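Open the model in the viewer and keep the sequence panel visible. The stops below say what to select and what is there.

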Amino acid sequence: AVVSTQSGHYGRDKEAIGYYNNALDALRKPSVQKDIWCAVSNELSGVYFTMARIMQDCGSNSSDKSEVIREVTNLYNKSLRISEGLVREGFTLATGRTGGAHHKLASLYHAQARDTGHNPR
């Protein structure tokens, strides 16, 4: 992983992701135990969102900034795919995270544009 593992959080996050995916596999589809499916999916979306936010806000051990940006973008997009699906299913608790992920991605792209000197006016 590109992110610093200062306190081992990222290893535990990856382990949690595995367990959330196991739970979703066991449920097989949202129509079976929809409330549990939504809760597990929401938690999984939260893990991806939090990993991306920490990586974006606190940096990483990687000296390759483009690799960090790619990973942050990938994590936010994973969170968005899940949370947008939850919103479509009527799970309104996911709307805040959906908006937050779009906001953080916009901030990332805006900062990237400023850093590369592209400032459209």
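## Starting at Ser-83

Select Ser-83, which lies in helix 3. The model is predicted, so distances here are those of the prediction. Is Ser-83 buried or exposed? Ser-83 is buried, because its relative accessible area is 0% and the cut-off for burial is under 20%. Now show the side chain of Thr-98: a polar contact of 2.9 Å joins it to the side chain of Ser-83. Beyond its neighbours within four places in sequence, Ser-83 is in contact with Ser-45, Ala-94 and Thr-98.

## Along helix 3

Extend the selection to residues 65-88, the whole of helix 3. Helix 3 has 24 residues, and from first C-alpha to last it reaches 34 Å, close to the 34 Å expected at 1.5 Å a residue. Colour its buried residues: Val-68, Ile-69, Val-72, Thr-73, Leu-75, Tyr-76, Ser-79, Leu-80, Ser-83, Gly-85 and Leu-86. What covers these residues includes helix 2 and helix 4. Step past the end of the helix to Gly-90, where phi is positive, near 90°.

## Helix 2

Move to residues 34-58, which make up helix 2. Helix 2 counts 25 residues and reaches 35 Å between its first and last C-alpha, close to the 36 Å expected at 1.5 Å a residue. Just after helix 2 comes Gly-59, with a positive phi of about 85°.

## The largest nonpolar core

Which residues touch the most other members of the largest nonpolar core? Select Ile-17, Val-72 and Tyr-76: among the 21 residues of this core, they are the ones that do so. Helix 1 (9-27), helix 2 (34-58), helix 3 (65-88) and helix 4 (94-115) each give two or more residues to the core. The largest share, nine residues, comes from helix 2. Nonpolar side chains tend to be buried together in soluble globular proteins.

Centre on Ile-17 and list its contacts, leaving aside neighbours within four places in sequence: they are Leu-44, Val-47, Tyr-48 and Met-51.

## Tyr-19, on the outside

Next, select Tyr-19, which lies in helix 1. Tyr-19 counts as exposed because its relative accessible area is 55%, and the cut-off for that class is over 50%. Add Val-40 and draw a line between the two C-alpha atoms: Tyr-19 and Val-40 are 9.7 Å apart in space and 21 residues apart in sequence.

## The whole chain

Zoom out and colour by secondary structure. The chain has four helices and zero strands, running α-α-α-α from the N terminus. Of its 121 residues, 33% count as buried. Switch to a surface: the accessible area comes to about 7500 Å², and 52% of that belongs to carbon and sulfur atoms. Among contacts with a separation of 6 or more, 63% are between residues 24 or more positions apart.

## Where to be careful

Finish by colouring on pLDDT. The mean over the chain is 84, and 84% of the residues reach 70 or more. Which helix has the lowest confidence, and which the highest? Confidence is lowest in helix 1, with a mean of 88, and highest in helix 3, at 93. Then select residues 1-7, where pLDDT is below 50; beyond near neighbours in sequence, this stretch has 16 contacts in the model. Where pLDDT is low, predicted coordinates should not be read in detail.

How values were computed: Residues are numbered from 1 along each chain as its sequence is written. This is a predicted model: local features need pLDDT of at least 70, side-chain atom pairs count only at pLDDT 80 or more; totals for chains, interfaces and linings use all residues. Side-chain values use heavy atoms; hydrogens and water are left out. A nonpolar core is a set of buried Ala, Val, Leu, Ile, Met, Phe, Trp, Tyr and Cys residues joined through side-chain atoms within 4.5 Å. Buried means under 20% relative accessible area, exposed over 50%, partly exposed in between (1.4 Å probe, protein chains only). Contact means heavy atoms within 4.5 Å. pLDDT is the predictor's confidence in each residue, from 0 to 100. A polar contact is a pair of N or O atoms within 3.5 Å; within protein, one must be able to donate a hydrogen and the other to accept it, and residues adjacent in sequence count only if both atoms are side-chain atoms. The expected span of a helix is 1.5 Å times one less than its number of residues. Accessible areas come from the Shrake-Rupley method with a 1.4 Å probe; for residues, only the protein chains shown count as cover.
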